[in-house]
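Dear colleague,

I am handing over the structure below, together with some notes on what turned up in it. Please look through it at your own pace and keep it open beside the text.

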Amino acid sequence: MKAELLLQAMSGLDDELILAARTPPRRVHWVRYAAAACLCLVLAAAALTLRPRTPALDTRDMPPHVEWDGRTYIVSSYLAMEPALPAGYAYVGESENGPFYASARTPEWVYVWQEVYTDGTVDESGTLNPAPPHHEYVRYVDSRLRGRDLICREGRLYEPLLGAEDYPDLLDAYGPRIEGALPAGFVSLGTAAFSGLDTVPDGILSCNTGSAEVFADPADDRVLLLPAVWHTAPQNDGEVEHHGFTVYVPCVDKAFLGMVE
């Protein structure tokens, strides 16, 4: 990736998002927002173009990505890597970083066999541990799914209110997060099953960020609450840890919903 694009990717990160807390699985995933800039360093960061077509998105400033079969795939924000090609995937083409593979069972992903400079693990600060250059199968995710935190409740998908613009009344009532105790009137729906990172959860109650208890307002089925811990860094005060809940609302993104229907 050209130096100026890398600098743009690093400077464009919001401080609060960089400090957002999530306990990462130990092998190939890390705190998403803190690692966004590192990702551009550890992957072979050439822009990936495969065949002449009109791209679905403006891809000039994206992290490494693949254009194939009418979709734009961007390298997973969790840096999901595998030493062996996952079952069911087959060769479908070449990218500038290496050959890539797809599966009809999971059209929202492709894997690229490419050079990386990390073993995929992170240290206590969330920084990637370096490793000698070697090849791995690196997951790329449909751009409409990549980075989406999702809850499925009885077949209906919910996403954080932070990115929704169609619920001004809920934004006024709750904000994107609620700090402190569970608000009055909310009840537990039970523990959501973990559907896996970079997946679209389904079924009665599931979540793609981890297994956690989900809370709902019986009087308003538009609102779900998921326990959350986050960090901020007020000026001159050091890092502050907050406990509370992330507010989720039904997905309204037609492009995304069209992908999963």
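**Aromatic residues and their surroundings**

Tyr-137 is buried, with a relative accessible area of 13%. Please bear in mind throughout that this is a predicted model. Tyr-101 is likewise buried, and its relative accessible area is 13%. These residues belong to one aromatic cluster, which is formed by Tyr-91, Tyr-101, Trp-113 and Tyr-137.

The count of aromatic pairs comes to 7. One of the pairs is formed by Trp-68 and Phe-100, whose rings are arranged edge-to-face, with 6.1 Å from centre to centre and 75° between the planes. This pair links distant parts of the chain, since Trp-68 lies in strand E1 (residues 65-68) and Phe-100 in strand E5 (residues 98-102), 32 residues apart. Trp-68 is buried, with a relative accessible area of 16%, and Phe-100 also counts as buried, at 1% relative accessibility. Tyr-101 and Tyr-137 form an aromatic pair that is edge-to-face too, with 5.6 Å between the centres and 75° between the planes. Here again distant parts of the chain are linked, with Tyr-101 in strand E5 and Tyr-137 in strand E7 (residues 128-142), 36 residues apart.

Another member of the cluster, Tyr-91, lies in strand E4 (residues 90-95). Is Tyr-91 buried or partly exposed? At 45% relative accessibility, Tyr-91 counts as partly exposed, because buried would require a value under 20% and exposed one over 50%. When residues up to four places away in sequence are not counted, Tyr-91 touches Pro-99, Phe-100 and Tyr-101. The side chain of Tyr-91 is also joined to that of Glu-94 by a polar contact of 3.0 Å. The C-alpha atoms of Tyr-91 and Tyr-111 are separated by 9.3 Å, although these two residues are 20 residues apart along the chain.

Two arginines are placed over aromatic rings. The charged end of Arg-139 sits over the ring of Trp-109, at 3.8 Å from its centre, while that of Arg-148 sits over the ring of Phe-256, at 4.2 Å from its centre.

**Nonpolar cores**

Which residues of the largest nonpolar core touch the most other members? In this core of 15 residues they are Val-66, Trp-68, Tyr-73, Phe-100, Val-110, Val-138 and Tyr-140. At least two residues of the core are supplied by each of E1, strand E2 (71-75), E5, strand E6 (109-122) and E7. The strand that gives the most to this core is E6, with 4 residues. Apart from it lies another core, made up of 14 residues, and among them are Tyr-101, Tyr-111, Cys-152 and Cys-251.

**Strand E9 and its partners**

Strand E9 (residues 156-160) is mostly covered, as 4 of its 5 residues are buried. How do E9 and strand E8 (residues 151-153) pair? They pair in the antiparallel sense, over 3 bridges, and Cys-152 stands opposite Leu-157 in E9. E8 and E9 form a hairpin with 2 residues between them, and in the turn Glu-154 has a positive phi of about 50°. E9 is also joined by 3 bridges to strand E15 (residues 240-250), and these strands run antiparallel. In that pairing Glu-159 stands opposite Val-249 in E15.

**Two further polar residues**

Ser-103 has its place in the loop between E5 and E6, where it is buried, with a relative accessible area of 7%. A polar atom of the Ser-103 side chain lies 3.2 Å from the backbone nitrogen of Arg-105. Leaving aside neighbours within four places in sequence, Ser-103 is in contact with Gly-88 and Tyr-89.

Asp-220, in contrast to a loop residue, is placed in strand E14 (residues 220-232). Asp-220 counts as buried because its relative accessible area is 17% and the cut-off is under 20%. The side chain of Asp-220 makes a polar contact of 3.0 Å with the side chain of Arg-222.

With best regards

Notes. Residues numbered from 1 in each chain as written. Predicted model: local features only at pLDDT ≥ 70, side-chain atom pairs only at ≥ 80, totals over all residues. Heavy atoms only, no water. Buried < 20%, exposed > 50% of the residue type's maximum accessible area, 1.4 Å probe, protein only. Polar contact = N/O pair within 3.5 Å; in protein donor to acceptor, adjacent residues only side chain to side chain. Phe/Tyr/Trp six-rings, centres within 6.5 Å; stacked < 30°, edge-to-face > 60°. Lys NZ or Arg CZ within 6 Å of the ring centre and 35° of its normal. Contact = heavy atoms within 4.5 Å. Core = buried A, V, L, I, M, F, W, Y, C linked by side-chain atoms within 4.5 Å. Pairing = 2+ DSSP bridges.
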